[in-house]
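Let's walk through this structure together, one packing site at a time. Please keep the sequence and the 3D view side by side as you read.

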Amino acid sequence: MERALSLAVDELADVDLSTWSDAAIADEFVALRRDLDRLEAVAARLLVGVHDRLVPFGDGASSTPGWAQWRAGQRFQDAKASLDASVRCAQLPLMAKAWAQGEISSSAARSIARGMRDGYEDLYREREAKLVGFAAKREFRDLDGEIRSYRRRVDELEDNEPRDRNGVYLSRVLDRWALDGDLDTLSGEILKEALDAATDKPDEGDDRSLRQRRADGLVRMARRFLDLDDLPFEAGEAPHLSLTISWETIQSWLRCPTAPADLASALSKHEINRLLCDANIARVVLGPGGQPLNVGREHRTAPRWLRRAIATRDRGCRYPGCARLPNRCEAHHVWSWETGGPTSVDNCILLCSFHHHVVHRTGWTNHFDGITYTVRNQHGIKIE
């Protein structure tokens, strides 16, 4: 089956579109898009099978979407949305049939599935035919309105307060961050007042648009909060800068770059200079192989120097396929501390909480030679 599909894709990929009419290109796109949605329904059903058979757990993955991202290259959010939608197909047969036949798109199916609330499935199924009808006719405004109407009804039945539905979403998209949210009236007014107060007024020579000034105001609010003295160390610490100095640099007394290791490739010179204005600076000395040798003390409070050194080297969880950042990780002793392993840079690596538990499973082994981290399961199979 996969071979036949691959051959069909190869045939389409070699088509010379310059010989096609406008109508032929348009018709082929619509037909192909429908087939892609049908394939997505099949792929989502296969992913449910992977999930039900605990395949990700056997590979040491923290979740099925995480496994799909690792093994198939599908983004975590996309895999989760497909998995959730396919799971809902068992409760929404009309949606499942329409999706499988390509009558509704995969994105519409995910929207319908996402709208259902646990405990109120019967109430949602009463609207299923209408929801599928809106999706099939591409009437997405009506589709979204019907889902909102259902959710308002559920809130009334549960006697939920408006703020119970509040949510703010912040996600990284390549080298940018996307911000979205949904707030009740009071919370929205409070945020607007604060944001208006933090937003610069138009001034002569200031060519920033209103949205740019608001963005700067939002960052100003966040920085003001982080500067509070009564916050815990991890959250209350002002933006810190790790000054990374290589062994060759020390030997030649060359001036070193002054950019945080995890931001060096993304920040402009202007952004680096702005960050340096009020950042705490720590010293990280690298050996010939790039491994941290020493971390100096900051003047503000006693730093977790060892963790900072490991984070400089590892940049996140070292378990194969995991992309969790250092702030979601823990220091793991490769040679266990209980059996005499030292708490040192050479013996510690970063692992997220989930994978920290995975490598401690009975029969699992791990090894770190200072550069490469290797994990083997209870059968001696290397995790890659």
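Leu191, Ala194, Leu195 and Ala198 of helix H11 make contact with Arg214, Gly217, Leu218, Arg220 and Met221 of helix H12. In this predicted model, H11 covers residues 185-198 and H12 covers residues 210-226. Their axes come within 8 Å and cross at roughly 100 degrees. An angle of 65 to 115 degrees counts as roughly perpendicular, and H11 and H12 are therefore roughly perpendicular to each other.

A second crossing can be found between helix H5, residues 76-88, and helix H7, residues 106-115. Here the axes come within 9 Å, and the crossing angle is roughly 70 degrees, which makes H5 roughly perpendicular to H7. The crossing in which H5 passes H7 is left-handed. On the H5 side, the residues that meet H7 are Ala81, Ser82, Asp84, Ala85 and Arg88, and their partners in H7 are Ala109, Arg110 and Ala113.

Now turn to helices H9 and H10. Their axes lie 8 Å apart, and the two pack at an angle of about 155 degrees. Because angles over 145 degrees count as roughly antiparallel, H9 is roughly antiparallel to H10. This crossing, too, is left-handed. H9 brings Lys130, Leu131, Phe134 and Ala135 to the contact, while H10 brings Phe140, Asp142, Leu143, Glu146 and Ile147.

Stay for a moment with the loop between H9, residues 128-136, and H10, where you will find Arg138. What is the phi of Arg138? Its value is near 60 degrees, which is positive in a residue other than glycine. Most residues other than glycine have a negative phi. Is Arg138 buried or exposed? Arg138 has 54% relative accessibility, and the cut-off for exposed is over 50%, so Arg138 counts as exposed.

Leu174 offers another positive phi in a residue other than glycine, with a value near 55 degrees. This leucine is found in the loop between strand S1, residues 167-173, and strand S2, residues 176-182. Leu174 counts as exposed because its relative accessibility is 75%.

H10 also takes part in an aromatic pair, and a search of the whole structure finds one such pair. The ring centres of Tyr124 and Tyr150 are 4.4 Å apart and the ring planes stand at 55 degrees, so the pair is tilted. Tyr124 is in helix H8, residues 121-125, and Tyr150 is in helix H10, residues 140-158; with their positions 26 residues apart, the pair links distant parts of the chain. How accessible are the two tyrosines? Tyr124 is at 0% relative accessibility and so counts as buried. Tyr150 is likewise at 0% and counts as buried.

Elsewhere, look for a charge placed over a ring. Arg361 lies over the face of Phe57, at 3.8 Å from the ring centre.

Finally, step back to the whole protein, which has 17 helices and nine strands. Of its 384 residues, 32% count as buried, and the two tyrosines Tyr124 and Tyr150 are among the buried residues. Among contacts between residues at least 6 apart in sequence, 48% join residues at least 24 apart.

Terms used: Residues are numbered from 1 along each chain as its sequence is written. This is a predicted model: local features need pLDDT of at least 70, side-chain atom pairs count only at pLDDT 80 or more; totals for chains, interfaces and linings use all residues. Side-chain values use heavy atoms; hydrogens and water are left out. Rings of Phe, Tyr and Trp (its six-membered ring) pair if their centres lie within 6.5 Å; planes under 30 degrees apart count as stacked, over 60 as edge-to-face and the rest as tilted. Helices (H or I, at least four residues) and strands (E, at least two) are DSSP runs, numbered from the N terminus. Buried means under 20% relative accessible area, exposed over 50%, partly exposed in between (1.4 Å probe, protein chains only). A charge sits over a ring if NZ of Lys or CZ of Arg is within 6 Å of the ring centre and within 35 degrees of the ring normal. Axes are lines fitted to C-alpha atoms, for helices over the stretch in contact, and angles run from 0 to 180 degrees between N-to-C directions. Angles under 35 degrees count as roughly parallel, over 145 as roughly antiparallel, 65 to 115 as roughly perpendicular and the rest as oblique. A crossing is left-handed if the near helix is turned anticlockwise from the far one by less than a right angle, and right-handed if clockwise. Contact means heavy atoms within 4.5 Å.
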